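Here is a short report for a reader new to this structure. Have the model open while you read.

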Amino acid sequence: MQYISTRGKAPALGFEDTMLSGLARDGGLYVPETIPTLSAGDIRAMHGLSYEEIAFRVMRPFVGDAFTDEVFADLIAKAYAGFGHDARAPLVQLGNGHFLLELFHGPTLAFKDFAMQLIGQMFQEALSRSGKRVTIVGATSGDTGSAAIEAFRGLDAVDVFILYPHGRVSEVQRRQMTTPVESNVHALALDGTFDDCQARLKDMFNHFEFRDAVKLAGVNSINWGRVLAQVVYYFSSAVSLGAPDRTVSFTVPTGNFGDIFAGYIAKRMGLPIDRLVVATNQNDILHRCLTTGGYVTDSVTPSISPSMDIQVSSNFERALFDAYNRDGNAVSQLMDELKAGGFHVSQGAMEVLRDHYDSGRVSEDETLSMITHAHRHMGELLCPHSAIGVKVAEDQRDPATPMITLATAHPAKFPDAVEQASGVRPPLPERMADLFDRAERVTRVANDLDQLEALIKDRIAS
Ligand SMILES: Cc1ncc(COP(=O)(O)O)c(C=O)c1O
Ligand SMILES: N[C@@H](CCOP(=O)(O)O)C(=O)O
């Protein structure tokens, strides 16, 4: 299996190099050259299997010769052993034909753990074989950062630097990033938005002298391995509702477009998915683009669903690559236009996008009302991101097709909004009960590439 860049000018790589290198050297994102498919029989045979067994069958064709079957199965087993639910990703019924996929039973209480725990295992295996060391830099609006720190803290072969927007993550999210004591963990609070953090990260990847000097690696959904691991729960949930003999739809709270793109990959692999519905908060660039064709950036307005406060949605580039018939030049041109403020998707490409994706936008008041409603009438305490998904799903779903909404974070990560709407302050799990008593360690940084690179070089030298 080879991986190619969405900008068409970087060398094709195998799975391990794709995973370890992050952004392609032409600034694009890696995608599989071809998408492997599973037959209806293959999917039917997943009935009754554990999450880990399904994970192996779904991901194996993408991994090539990077790991033997035995090693890969072992890495998967270790990745999910620490999850707080035997099913890993349990499905609960919200109402007639509407299901909630709980993706928050991992160590940091968000869906990011599904991919990050596995990436952590795969990095350790690959680095211990080669004896190499890497510097991971990640950009986060709150959840990727804590999941990455949890997966890599204390490892000798890795330093992990996490850039988060100062004052724009929840207190639980911040403390998850600033309280780990391991010396290879570096939390950096940047004066700016998540988009600034992600832009500086991509600048670092595009600055080859720095990239090569520190052996830069990325664990954002820039990294194909992140998207791949997220494909699995589309299969596990759809199979539990009767796939391949029953078609399902998904609604996905969306920001950087990695999670919903994983759903698109599941569909391309042969999983019978009818609609993939993008649910955004008030920072609604994706909804605007999917309805009007215009992808024009606006300033980010902080919301009660901070993890989705994103205006430059990284993985939309992967969706555009397919929508433009895998034309790297066309994608490069769009990305150049984006730097100047935005672009318009061609009519042909819009038809492809609309063939797969629907979308909806939820205001702050509607988010709070949905948390209240779900608590009173559906028996679920939802985090604000998940509430956005449930609201869009309720508005748009076709009663004839089961709808699965992804619950992307635990309500305890956002206790203020949840308490305001439901009257219930969700407690943190026992193992995190002392989070607010732990000392914090964080460096405030300017939104300045030179200063950031100097800080990172300095820290890894000491
Ligand atoms: C809780 C939560 N929900 C939804 C999202 C959006 O996911 P994606 O960026 O993959 O679209 C994020 C961040 O990515 C998140 O942390
Ligand atoms: N919401 C994310 C933003 C980064 O997304 P990623 O999937 O590219 O890592 C976060 O919580 O950091």
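## The shell around ligand 2

Helix α6 contributes the most to the shell around ligand 2, giving 3 residues. This is a predicted model. In total, 13 residues surround ligand 2. Those that come nearest are Thr140, Asp143, Thr144, Asn220 and Ser221.

What kinds of residue make up this shell? The shell around ligand 2 holds 12 polar residues, 1 charged residue and no nonpolar ones.

## The shell around ligand 1

Ligand 1 has 15 residues around it. The closest are Asp143, Asn256, Asp259, Ser307 and Thr408. Asp143 is thus named among the closest for ligand 1 and among the nearest for ligand 2.

The shell around ligand 1 is mixed: 8 residues are polar, 5 are nonpolar and 2 are charged.

## Helix α6 and the open sheet

Helix α6 spans residues 143-152. The helix lies across three strands: β5 (134-139), β6 (158-165) and β7. Against β6, helix α6 runs at about 165°.

These strands belong to an open sheet of 5 strands. The order is β8-β5-β6-β7-β15, and the pairing is parallel. Strands β8 (216-217) and β15 (443-445) form the edges, each pairing on one side only.

Look next at the β15 edge. Strand β7 covers residues 185-190 and pairs with β15 in the parallel sense over 3 bridges. Ala189 stands opposite Arg444 in β15.

## Lys112

UniProt, in an unreviewed entry, places the feature "modified residue: N6-(pyridoxal phosphate)lysine" at Lys112. Lys112 lies in helix α5, which covers residues 112-130.

Is Lys112 buried or exposed? Lys112 counts as buried because 34 C-beta neighbours lie inside 10 Å. The cut-off for a buried residue is 20 or more.

Which residues does Lys112 touch, leaving out those up to four places away in sequence? They are Asp143, Thr144 and Ala147. Asp143 and Thr144 also appear among the residues nearest to ligand 2.

## The annotated domain

An unreviewed UniProt entry also places the feature "domain: Tryptophan synthase beta chain-like PALP" at residues 99-332. This span is 45% helix and 18% strand. Its end C-alpha atoms, those of residues 99-332, lie 39 Å apart.

Definitions and conventions
Residues numbered from 1 in each chain as written. Chains lettered and ligands numbered in written order. Predicted model: local features only at pLDDT ≥ 70, side-chain atom pairs only at ≥ 80, totals over all residues. UniProt positions renumbered as here; feature names shortened; annotations may be inferred. Helix = DSSP H or I, 4+ residues; strand = E, 2+ residues; numbered from the N terminus. Buried ≥ 20, exposed ≤ 12 C-beta atoms within 10 Å, placed from the backbone. Contact = placed C-beta atoms within 7 Å. Pairing = 2+ DSSP bridges. Axes fitted to C-alpha atoms, helices over the stretch in contact; angles between N-to-C directions. Near = placed C-beta within 6 Å. Nonpolar A, V, L, I, M, F, W, Y, C, P; charged D, E, K, R; others polar.
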